[in-house]
Amino acid sequence: MNNFAAEPLLGVNAIEAYYGAIRALTGVNLEVREGEIVTLIGANGAGKSTLLMAICGNPQGRGGRIVFAGRDITSLPTHKIARLGIAHVPEGRHIFPRMTVMENLQIGATCSAGDFFAEDLDYVFAIFPILGERQHQRGGTLSGGEQQMLAIGRALMSRPQLLLLDEPSLGLAPLVVRRIFEVIAEINSARGMTVFLVEQNAYHALNLADRAYVMANGAIQMEGPGAELLHDADIRATYLEGGHG
(Lines give C-alpha, C1' and ligand atoms only; values in the text may rest on other atoms or scores of the structure.)
Protein backbone atom coordinates (compact mmCIF):
# COMPACT_ATOMS: atom_id res chain seq x y z
CA MET A 1 0.00 0.00 0.00
CA ASN A 2 1.27 3.46 -0.91
CA ASN A 3 1.56 6.34 1.54
CA PHE A 4 -1.12 8.75 0.38
CA ALA A 5 -1.40 12.45 1.10
CA ALA A 6 -3.70 13.49 3.94
CA GLU A 7 -5.83 15.70 1.71
CA PRO A 8 -7.84 13.79 -0.90
CA LEU A 9 -7.43 14.60 -4.57
CA LEU A 10 -11.20 14.25 -4.92
CA GLY A 11 -13.66 14.87 -2.11
CA VAL A 12 -17.40 14.29 -2.53
CA ASN A 13 -19.28 15.74 0.42
CA ALA A 14 -23.03 15.16 0.96
CA ILE A 15 -23.79 15.43 -2.74
CA GLU A 16 -27.32 15.09 -4.03
CA ALA A 17 -28.26 14.92 -7.70
CA TYR A 18 -31.57 14.93 -9.51
CA TYR A 19 -33.04 14.01 -12.87
CA GLY A 20 -36.01 16.33 -12.92
CA ALA A 21 -37.89 15.62 -9.69
CA ILE A 22 -36.22 12.22 -9.20
CA ARG A 23 -33.42 12.20 -6.65
CA ALA A 24 -30.64 9.91 -7.91
CA LEU A 25 -27.97 10.66 -5.28
CA THR A 26 -28.95 11.08 -1.64
CA GLY A 27 -26.05 12.71 0.16
CA VAL A 28 -23.01 10.82 -1.12
CA ASN A 29 -19.72 11.09 0.77
CA LEU A 30 -16.46 9.61 -0.48
CA GLU A 31 -12.87 10.52 -1.22
CA VAL A 32 -10.15 9.50 -3.62
CA ARG A 33 -6.58 10.16 -2.56
CA GLU A 34 -3.75 10.89 -4.94
CA GLY A 35 -2.17 7.71 -6.34
CA GLU A 36 -5.02 5.42 -5.34
CA ILE A 37 -7.26 3.08 -7.27
CA VAL A 38 -10.68 3.43 -5.68
CA THR A 39 -13.59 1.34 -6.88
CA LEU A 40 -17.34 1.78 -6.50
CA ILE A 41 -19.58 -1.26 -6.79
CA GLY A 42 -23.33 -1.69 -6.59
CA ALA A 43 -26.34 -3.04 -8.42
CA ASN A 44 -27.83 -1.54 -11.57
CA GLY A 45 -29.65 1.68 -10.74
CA ALA A 46 -27.71 2.29 -7.54
CA GLY A 47 -26.48 5.69 -8.77
CA LYS A 48 -22.89 4.81 -9.66
CA SER A 49 -22.86 6.32 -13.16
CA THR A 50 -24.79 9.35 -11.94
CA LEU A 51 -22.06 10.00 -9.37
CA LEU A 52 -19.33 9.98 -12.03
CA MET A 53 -21.42 12.28 -14.21
CA ALA A 54 -22.02 14.63 -11.28
CA ILE A 55 -18.27 14.82 -10.66
CA CYS A 56 -18.01 15.93 -14.29
CA GLY A 57 -20.77 18.53 -13.89
CA ASN A 58 -23.73 16.89 -15.64
CA PRO A 59 -25.97 16.71 -13.69
CA GLN A 60 -24.58 19.27 -11.30
CA GLY A 61 -24.57 18.25 -7.66
CA ARG A 62 -26.89 19.90 -5.19
CA GLY A 63 -26.80 20.35 -1.46
CA GLY A 64 -23.13 19.53 -1.00
CA ARG A 65 -19.67 20.04 -2.46
CA ILE A 66 -17.32 18.31 -4.88
CA VAL A 67 -13.72 19.37 -4.37
CA PHE A 68 -10.91 18.46 -6.76
CA ALA A 69 -7.27 19.31 -6.02
CA GLY A 70 -8.41 21.81 -3.40
CA ARG A 71 -10.91 23.57 -5.69
CA ASP A 72 -14.69 23.49 -5.41
CA ILE A 73 -15.92 22.24 -8.79
CA THR A 74 -19.56 21.63 -7.82
CA SER A 75 -20.95 24.36 -10.08
CA LEU A 76 -18.36 24.33 -12.85
CA PRO A 77 -19.37 23.36 -16.41
CA THR A 78 -18.07 20.07 -17.77
CA HIS A 79 -15.50 21.54 -20.16
CA LYS A 80 -13.81 23.50 -17.36
CA ILE A 81 -13.72 20.43 -15.12
CA ALA A 82 -12.06 18.45 -17.92
CA ARG A 83 -9.37 21.11 -18.30
CA LEU A 84 -8.58 20.90 -14.59
CA GLY A 85 -7.38 17.33 -15.08
CA ILE A 86 -10.36 14.95 -14.83
CA ALA A 87 -10.97 12.51 -17.69
CA HIS A 88 -14.16 10.46 -17.88
CA VAL A 89 -14.51 7.20 -19.81
CA PRO A 90 -18.30 6.76 -19.78
CA GLU A 91 -20.29 3.56 -19.83
CA GLY A 92 -20.85 2.57 -23.45
CA ARG A 93 -17.50 4.13 -24.57
CA HIS A 94 -19.02 7.02 -26.61
CA ILE A 95 -16.18 7.28 -29.06
CA PHE A 96 -16.68 9.29 -32.27
CA PRO A 97 -17.60 6.47 -34.67
CA ARG A 98 -17.13 8.38 -37.93
CA MET A 99 -13.71 9.66 -36.90
CA THR A 100 -10.58 7.58 -37.23
CA VAL A 101 -8.73 6.15 -34.26
CA MET A 102 -6.11 8.88 -34.65
CA GLU A 103 -8.73 11.63 -34.80
CA ASN A 104 -10.38 10.31 -31.63
CA LEU A 105 -7.02 10.41 -29.87
CA GLN A 106 -6.37 13.93 -31.14
CA ILE A 107 -9.71 15.01 -29.67
CA GLY A 108 -8.59 13.63 -26.31
CA ALA A 109 -5.39 15.66 -26.46
CA THR A 110 -7.25 18.97 -26.80
CA CYS A 111 -7.62 19.13 -22.99
CA SER A 112 -3.84 19.07 -22.50
CA ALA A 113 -1.20 21.59 -23.50
CA GLY A 114 -0.22 19.42 -26.46
CA ASP A 115 3.49 19.57 -25.65
CA PHE A 116 3.65 15.81 -25.11
CA PHE A 117 1.36 14.64 -27.90
CA ALA A 118 3.89 12.35 -29.60
CA GLU A 119 5.02 10.88 -26.28
CA ASP A 120 1.45 10.26 -25.13
CA LEU A 121 0.51 8.75 -28.48
CA ASP A 122 3.45 6.35 -28.27
CA TYR A 123 2.34 5.35 -24.79
CA VAL A 124 -1.24 4.64 -25.87
CA PHE A 125 0.00 2.57 -28.83
CA ALA A 126 2.37 0.71 -26.50
CA ILE A 127 -0.36 -0.39 -24.09
CA PHE A 128 -2.91 -0.94 -26.88
CA PRO A 129 -0.90 -1.98 -29.97
CA ILE A 130 -4.07 -2.70 -31.97
CA LEU A 131 -4.86 1.02 -31.93
CA GLY A 132 -1.54 1.76 -33.60
CA GLU A 133 -2.27 -0.84 -36.24
CA ARG A 134 -5.73 0.65 -36.87
CA GLN A 135 -5.00 4.33 -36.37
CA HIS A 136 -6.46 5.23 -39.79
CA GLN A 137 -9.57 3.09 -39.33
CA ARG A 138 -12.90 4.63 -38.34
CA GLY A 139 -13.75 4.11 -34.69
CA GLY A 140 -17.19 2.72 -35.46
CA THR A 141 -15.69 -0.23 -37.35
CA LEU A 142 -13.69 -1.45 -34.35
CA SER A 143 -14.82 -4.32 -32.14
CA GLY A 144 -16.35 -3.58 -28.74
CA GLY A 145 -13.08 -4.33 -26.97
CA GLU A 146 -11.10 -2.16 -29.36
CA GLN A 147 -13.57 0.69 -28.88
CA GLN A 148 -13.11 0.42 -25.12
CA MET A 149 -9.34 0.57 -25.58
CA LEU A 150 -9.83 3.65 -27.77
CA ALA A 151 -12.05 5.31 -25.16
CA ILE A 152 -9.40 4.75 -22.48
CA GLY A 153 -6.62 5.85 -24.82
CA ARG A 154 -8.51 9.03 -25.70
CA ALA A 155 -8.84 9.83 -21.99
CA LEU A 156 -5.14 9.22 -21.39
CA MET A 157 -4.25 11.66 -24.16
CA SER A 158 -5.55 14.48 -21.95
CA ARG A 159 -2.89 13.68 -19.30
CA PRO A 160 -5.44 13.62 -16.47
CA GLN A 161 -4.70 13.73 -12.77
CA LEU A 162 -7.83 11.67 -12.17
CA LEU A 163 -9.21 9.00 -14.49
CA LEU A 164 -12.89 8.10 -14.08
CA LEU A 165 -13.82 4.72 -15.57
CA ASP A 166 -17.46 3.66 -15.84
CA GLU A 167 -18.00 -0.09 -16.37
CA PRO A 168 -14.93 -0.63 -18.60
CA SER A 169 -15.49 -4.43 -18.70
CA LEU A 170 -19.15 -4.28 -19.69
CA GLY A 171 -19.98 -6.64 -22.56
CA LEU A 172 -16.38 -7.62 -23.29
CA ALA A 173 -14.80 -11.05 -23.74
CA PRO A 174 -12.86 -12.38 -20.72
CA LEU A 175 -9.45 -11.99 -22.37
CA VAL A 176 -10.19 -8.36 -23.21
CA VAL A 177 -11.48 -7.75 -19.68
CA ARG A 178 -8.23 -9.13 -18.29
CA ARG A 179 -6.20 -6.78 -20.50
CA ILE A 180 -8.30 -3.77 -19.53
CA PHE A 181 -7.69 -4.42 -15.83
CA GLU A 182 -3.99 -5.01 -16.47
CA VAL A 183 -3.80 -1.59 -18.13
CA ILE A 184 -5.61 0.08 -15.23
CA ALA A 185 -3.06 -1.39 -12.83
CA GLU A 186 -0.20 -0.40 -15.14
CA ILE A 187 -1.16 3.25 -15.56
CA ASN A 188 -1.61 3.52 -11.81
CA SER A 189 1.73 1.92 -10.91
CA ALA A 190 3.90 3.18 -13.78
CA ARG A 191 2.42 6.67 -14.16
CA GLY A 192 1.06 7.21 -10.67
CA MET A 193 -2.34 8.05 -12.14
CA THR A 194 -5.24 8.21 -9.72
CA VAL A 195 -8.19 6.05 -10.80
CA PHE A 196 -11.83 6.04 -9.69
CA LEU A 197 -13.44 2.91 -11.10
CA VAL A 198 -17.15 2.07 -11.29
CA GLU A 199 -17.52 -1.62 -12.04
CA GLN A 200 -20.06 -4.44 -11.72
CA ASN A 201 -17.36 -7.09 -12.02
CA ALA A 202 -16.86 -6.98 -8.27
CA TYR A 203 -14.11 -9.59 -8.10
CA HIS A 204 -11.77 -7.81 -10.54
CA ALA A 205 -12.61 -4.39 -9.14
CA LEU A 206 -12.08 -5.23 -5.47
CA ASN A 207 -8.97 -7.26 -6.22
CA LEU A 208 -7.47 -4.23 -7.98
CA ALA A 209 -8.57 -1.46 -5.62
CA ASP A 210 -6.70 0.14 -2.73
CA ARG A 211 -10.06 1.11 -1.27
CA ALA A 212 -13.67 0.50 -2.23
CA TYR A 213 -17.19 1.79 -1.66
CA VAL A 214 -20.51 0.01 -2.00
CA MET A 215 -23.50 2.03 -3.22
CA ALA A 216 -27.21 1.28 -2.98
CA ASN A 217 -30.22 3.53 -3.55
CA GLY A 218 -28.08 6.57 -4.29
CA ALA A 219 -26.02 6.44 -1.08
CA ILE A 220 -22.82 4.84 0.17
CA GLN A 221 -23.60 1.80 2.31
CA MET A 222 -20.13 0.43 3.04
CA GLU A 223 -16.46 1.29 2.56
CA GLY A 224 -13.07 -0.23 3.29
CA PRO A 225 -9.89 -1.65 1.77
CA GLY A 226 -10.54 -3.51 -1.47
CA ALA A 227 -9.08 -6.78 -0.19
CA GLU A 228 -11.15 -6.55 2.99
CA LEU A 229 -14.44 -6.05 1.13
CA LEU A 230 -13.48 -8.82 -1.30
CA HIS A 231 -13.60 -11.26 1.61
CA ASP A 232 -16.61 -9.75 3.37
CA ALA A 233 -19.37 -12.35 3.68
CA ASP A 234 -22.20 -9.98 2.72
CA ILE A 235 -20.30 -8.61 -0.29
CA ARG A 236 -19.48 -12.12 -1.48
CA ALA A 237 -23.08 -13.26 -1.12
CA THR A 238 -24.47 -10.23 -2.95
CA TYR A 239 -21.90 -9.49 -5.66
CA LEU A 240 -19.77 -12.60 -6.07
CA GLU A 241 -21.16 -16.02 -5.16
CA GLY A 242 -24.83 -15.38 -5.70
CA GLY A 243 -24.87 -11.93 -7.21
CA HIS A 244 -23.25 -9.94 -9.98
CA GLY A 245 -19.72 -11.39 -9.88
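This report covers the overall build of a predicted model and the pairing of several of its strands.

## Overall build

The protein chain holds 10 helices and 10 strands. Its radius of gyration is 17 Å, close to the 18 Å that the globule rule gives for 245 residues, so the chain is as compact as a globular protein of that length. The C-alpha trace spans about 45 × 40 × 40 Å along its principal axes.

Contacts reach across the sequence. Of the contacts in the protein chain with a separation of 6 or more, 68% are between residues 24 or more positions apart.

## Surface and charge

Of the 245 residues in the protein chain, 51% are buried. The chain exposes about 11100 Å². Carbon and sulfur atoms supply 49% of that area.

The charged side chains number 19 positive and 25 negative. The centres of these two sets lie 7 Å apart.

## Strands β1, β2 and β4

Strand β1 covers residues 10-19, and strand β2 covers residues 22-32. The two run antiparallel and are joined by 8 bridges. One of the bridge pairs is Tyr 18 with Arg 23 in β2. β1 and β2 form a hairpin with 2 residues between the strands. Gly 20 in this hairpin takes a positive phi near 65 degrees.

β1 also pairs with strand β4, residues 65-68. This pairing is antiparallel too, over 4 bridges. Here Leu 10 has Phe 68 of β4 as its bridge partner. β1 therefore has pairing partners in both β2 and β4.

## Strands β3, β9 and β10

Is strand β9 largely enclosed, or largely open? β9 runs over residues 211-216, and 5 of its 6 residues are buried, so the rest of the structure largely encloses it. Buried here means under 20% relative accessible area.

Two strands pair with β9. Strand β3, residues 37-41, does so in the parallel sense over 4 bridges. Leu 40 stands opposite Tyr 213 of β9 in this arrangement. Strand β10, residues 219-225, pairs with β9 in the antiparallel sense over 6 bridges. Arg 211 has Pro 225 of β10 as its bridge partner.

What links β9 to β10? The two form a hairpin with 2 residues between them. In the turn, Asn 217 has a positive phi of about 55 degrees.

Terms used. Residues are numbered from 1 along each chain as its sequence is written. This is a predicted model: local features need pLDDT of at least 70, side-chain atom pairs count only at pLDDT 80 or more; totals for chains, interfaces and linings use all residues. Side-chain values use heavy atoms; hydrogens and water are left out. Buried means under 20% relative accessible area, exposed over 50%, partly exposed in between (1.4 Å probe, protein chains only). Two strands pair if DSSP finds at least two bridges between them. The radius of gyration is taken over C-alpha atoms; the globule rule is 2.2 Å times the number of residues to the power 0.38. Contact means heavy atoms within 4.5 Å. Accessible areas come from the Shrake-Rupley method with a 1.4 Å probe; for residues, only the protein chains shown count as cover. Lys and Arg count as positive and Asp and Glu as negative; His and the chain ends are not counted. The place of a charge is taken as NZ of Lys, CZ of Arg, CG of Asp or CD of Glu.
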